[in-house]
Amino acid sequence: MTESRIDSRLVAGNRRPLAGYRAEHFLWDVQAGVATITLNRPGRKNPLTFDSYAELRDLFHGLRLADDVRAVVLVGAGGNFCSGGDVHEIIGPLVALKAPELLMFTRMTGELVKAMRTCPQPIVAAVDGVCAGAGAIMAMASDLRLGTARSKTAFLFNRVGLAGCDMGACAMLPRIVGQGRASELLYTGRSLGGEEGERWGFFNRLCASDALLPEAQALATQLAEGPAFANGITKTMLHQEWAMTIEQAIEAEAQAQAICMLTEDFSRAYHAFVARQKPRFEGN
């Protein structure tokens, strides 16, 4: 459906460009529909703070309405991805809080994961170096993960006296690497190396460190150039079908695919295919 056929009042309430967004607690850049979020505290291995958690949560929520962002790359500056929650700016203050405020915090961190999973854009995590705690969760909540041989992914919650069931880890990690391997990582807090992470399926593939971001952006560009609405439906169904039977999933996908067949992307792809085939037949 073209923009001119949509009531401007509907567009105003449901489409909000984000390419010009000015981030406060990380870097934000959009090129050709691909947004790159760079966690930018390299001196501390890019830890999160209360402020960056909240801004990331709100940004990913906002991406649901963004029509100028079609894919997202998540990366850390300075050769590391993210070391998790800042020890001094998060862990220290949490020790002094009461239960209601602690629940406020844990719900906020969980909302970040929910927002990453429900935004329609595919998210590619470019993971180099340290990827720990909440950083490992953010990588896991992304749709695709590229790593390096020097990637070290660790779910460190038990090392600070907490359960491994943080921000959805016990639901997501077994689906990525399997129940036994997830149990090992969550109980021990040990680091998962890059090559081991690729073997286990945590990483889609490994890259050289200096090629990691370009390859992640190239992958995101490939996704951005594809059918945006259909990619969003694929992401939605990948997550929703966790709780469905096969029969329910088949019916849900039948309905979703029928809706995709109404889009201009589907019609455009068909006519492009016909146009490519026509010279072959004319040449015969």
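This report covers the overall form, the main sheet and the nonpolar cores of a predicted model.

**Overall form**

The chain holds twelve helices and nine strands. For 284 residues, a compact globule would have a radius of gyration near 19 Å; the chain has 20 Å, which agrees. Taken along the principal axes, the C-alpha atoms fill a box of roughly 70 × 45 × 45 Å. Of the 284 residues, 42% count as buried. The accessible surface comes to about 15200 Å², and carbon and sulfur atoms account for 57% of it. Among contacts with a separation of 6 or more, 72% link residues 24 or more positions apart.

**The sheet**

Six strands form an open sheet in the order E1-E2-E3-E4-E6-E9, with mixed pairing. Strand E1 (27-31) and strand E9 (205-206) stand at the edges. Each has a single partner strand, so one side of each is left without a neighbour in the sheet. Strands of a sheet pair through backbone hydrogen bonds, either parallel or antiparallel. Both senses occur in the pairs listed here, each with one facing pair of residues.

| Strand pair | Sense | Bridges | Facing residues |
|---|---|---|---|
| E1 and E2 | antiparallel | five | Trp-28 and Ile-37 |
| E2 and E3 | parallel | six | Ile-37 and Leu-74 |
| E3 and E4 | parallel | four | Val-75 and Ala-126 |

E1 and E2 form a hairpin with two residues between them. Ala-32, in the turn, has a positive phi of about 50 degrees. Ile-37 of E2 stands opposite Trp-28 of E1 and also opposite Leu-74 of E3.

Helix H2 (residues 50-62) lies across E1, E2, E3 and E4. H2 runs at about 170 degrees to E2 (34-39).

**Edge strand and inner strand**

In a regular strand the side chains alternate between the two faces of the sheet. E1 has a covered face, made of Trp-28 and Val-30. Its uncovered face carries Leu-27, Asp-29 and Gln-31.

E2 has both faces covered. Val-34, Thr-36 and Thr-38 are buried on one side, and Ala-35, Ile-37 and Leu-39 are buried on the other. Six of the six residues of E2 are buried, so the strand is largely enclosed by the rest of the structure.

Is Thr-38 buried or exposed? Thr-38 has a relative accessibility of 15%, so it counts as buried, the limit being under 20%. Leaving aside residues up to four places away in sequence, Thr-38 touches Phe-26, Leu-27, Val-75, Gly-76 and Ala-77. Of these contacts, Val-75 belongs to E3 (residues 71-76), and Leu-27 to E1 (27-31).

**Nonpolar cores**

The largest nonpolar core has 54 residues. Which of them touch the most other members? They are Phe-60 and Phe-155. Helix H5 (residues 134-141) gives the most to this core, with seven residues. Phe-155 touches Ala-136, Ile-137 and Met-140, among others. Its further contacts include Gly-133, Leu-173, Leu-185, Leu-186, Gly-189 and Phe-202. Residues up to four places away in sequence are not counted there.

Apart from the largest core lies another, of 13 residues. Its members include Val-75, Ala-126, Leu-219 and Ala-224. Val-75 and Ala-126 are also the facing pair between E3 and E4.

Technical notes
Residues are numbered from 1 along each chain as its sequence is written. This is a predicted model: local features need pLDDT of at least 70, side-chain atom pairs count only at pLDDT 80 or more; totals for chains, interfaces and linings use all residues. Side-chain values use heavy atoms; hydrogens and water are left out. Two strands pair if DSSP finds at least two bridges between them. Contact means heavy atoms within 4.5 Å. Axes are lines fitted to C-alpha atoms, for helices over the stretch in contact, and angles run from 0 to 180 degrees between N-to-C directions. The radius of gyration is taken over C-alpha atoms; the globule rule is 2.2 Å times the number of residues to the power 0.38. Buried means under 20% relative accessible area, exposed over 50%, partly exposed in between (1.4 Å probe, protein chains only). Accessible areas come from the Shrake-Rupley method with a 1.4 Å probe; for residues, only the protein chains shown count as cover. A nonpolar core is a set of buried Ala, Val, Leu, Ile, Met, Phe, Trp, Tyr and Cys residues joined through side-chain atoms within 4.5 Å.
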